[in-house]
Amino acid sequence: MSSTTGATVDPNRTRNRIFVGLGAAVIVATYLYLILAQPTELAEGGLGTSALIALAGYLIGAALIAVGAIHRLPTATLSLIPIAIVINIAVGQLAATLGLPVYLDSIGTVLVGVLAGPAAGAVTGALTNVIWGLTIGPIALPFAVTAVVIGVLAGYAARLGMFRRFYLAPVAGFVTGIVAALVSAPIAAFIFGGATSGGTGALVAAFQAFGNSLLASTTLQGLLSDPLDKTITFTVVVLILFALPGRLRSRFPFVRQYNVFGKVTPVAPAEPAAPKA
């Protein structure tokens, strides 16, 4: 990992880290609540008590992370997040409708994570699943924690230099997919009974037919689907980013600070920073 020298010191660094930490804690607590309570009403898409708790937990967690990170986000990043959310929902919904054994619902999240860092990726992932869950895909809401994990890992993969070479990004995607599978499996098993979408549900049923428990079946299904899905996703993202002009990528401070693409690119005119929280 490398970084540029002479970076300005954030006078509110401790406060902002507390906000990010609190946001992460709220999201983890919401995830643990869903695993322990196992509210099957979420599978029916209703807005009962459990759904409201999940909604509030993920929204508050995302908001706290955003408050702690927004001072580092230029206008370009704030403009990119809504576009990334639309990409996530549109492509993910299409994959679910077609019954594909992969999700393809985190291309926008990974894109933001690589260009703007782990916190921005986490916010994009959480908001994607909350909006998706409240509109056309109620299944997405409980999996918001997985989307957060994907955004965070994409950002750290970029910091570690996994996007400096084309062939490294799929490796980062594969590892991210393993983590995502382990995080998602209890939700798929305890809340949805393994039936989350046509393609992946069929895999769960096949594993159960061989005598595996429901949790073991959703874990095995995830370990088959998620690494493949995230390998494809990270590959698509690195292709998109490598096709962009270097000056456009350099508009993101995170890219310049951590030398994400391994090249010294001309610095574009500075973007006005977002107002401090």
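**Figure 1. Gln221 and the residues around it.** Setting aside neighbours up to and including four places away in sequence, Gln221 is in contact with Tyr103, Thr200, Leu203, Val204 and Phe207, where contact means heavy atoms within 4.5 Å. Gln221 sits in helix H9. Is Gln221 buried or exposed? Gln221 counts as buried because its relative accessibility is 4%; buried means under 20% relative accessible area, exposed over 50%, and partly exposed in between, with a 1.4 Å probe and protein chains only. Keep in mind that this is a predicted model, where local features need pLDDT of at least 70 and side-chain atom pairs count only at pLDDT 80 or more, while totals for chains, interfaces and linings use all residues. Residues are numbered from 1 along each chain as its sequence is written, and side-chain values use heavy atoms, with hydrogens and water left out.

**Figure 2. The whole chain, made of 11 helices and zero strands.** Read from the N terminus, the elements go α-α-α-α-α-α-α-α-α-α-α. Helices (H or I, at least four residues) and strands (E, at least two) are DSSP runs, numbered from the N terminus. The chain has 277 residues, and 47% of them are buried. Take the contacts between residues at least 6 apart in sequence: 73% of these join residues at least 24 apart. The accessible surface adds up to about 12,400 Å², and carbon and sulfur atoms account for 71% of that. Accessible areas come from the Shrake-Rupley method with a 1.4 Å probe; for residues, only the protein chains shown count as cover.

**Figure 3. Lys230 and its two acidic partners in salt bridges.** How many salt bridges does a search of the whole structure find? The search finds two, a salt bridge being a side-chain nitrogen of Lys or Arg within 4 Å of a carboxyl oxygen of Asp or Glu. In one, the side chains of Lys230 and Asp226 meet at 3.0 Å, N to O. Lys230 and Asp226 are four residues apart in helix H9, so about one helical turn separates them. Both of these residues are buried. In the other salt bridge, Lys230 pairs with Asp229, with 2.7 Å between the closest N and O atoms. Lys230 has a relative accessible area of 1%, so it counts as buried, and Asp229 is buried too, at 0%. Through shared partners, the salt bridges link Asp226, Asp229 and Lys230 into one network.

**Figure 4. The largest nonpolar core, with 36 residues.** A nonpolar core is a set of buried Ala, Val, Leu, Ile, Met, Phe, Trp, Tyr and Cys residues joined through side-chain atoms within 4.5 Å. Val110, Val114, Leu115, Phe163, Val260 and Phe261 have the most contacts inside this core. Two or more residues each come from helix H3 (75-97), helix H4 (107-116), helix H5 (118-134), helix H6 (144-159), H7, H9 and helix H11 (253-257). Which element gives the most to this core? H4 does, with seven residues. Zoom in on Val114 and, leaving out residues up to four places away in sequence, Val114 touches Ala154, Ala158, Phe163, Leu241, Phe254, Val255, Val260 and Phe261. Apart from this core lies another one, of 25 residues, including Tyr31, Ile65, Ala122 and Val148. In soluble globular proteins, nonpolar side chains tend to be buried together.

**Figure 5. A nonpolar patch on the surface.** Here the patch residues are Val171, Phe174, Val175, Ile178, Val179, Leu182, Leu220 and Leu223, with about 610 Å² of accessible area together. Patches are made of residues with over 30% relative accessible area and no salt bridge; like charges are joined within 9 Å, and nonpolar side chains (Val, Leu, Ile, Met, Phe, Trp, Tyr) within 5 Å. Helix H7 (168-190) and helix H9 (214-243) each supply at least two of the patch residues. H7 brings the largest share, six residues. Leu220 belongs to helix H9, and its relative accessibility of 32% is why Leu220 counts as partly exposed.

**Figure 6. Leu104 and Asn259, two non-glycine residues with positive phi.** Most residues other than glycine have a negative phi, and most peptide bonds are trans. Leu104 has a phi of about 55° and lies in the loop between H3 and H4. With 19% relative accessibility, Leu104 counts as buried. Where is Asn259? Asn259 is placed in the segment after H11, and its phi is about 50°. Asn259 is partly exposed, at a relative accessible area of 27%.
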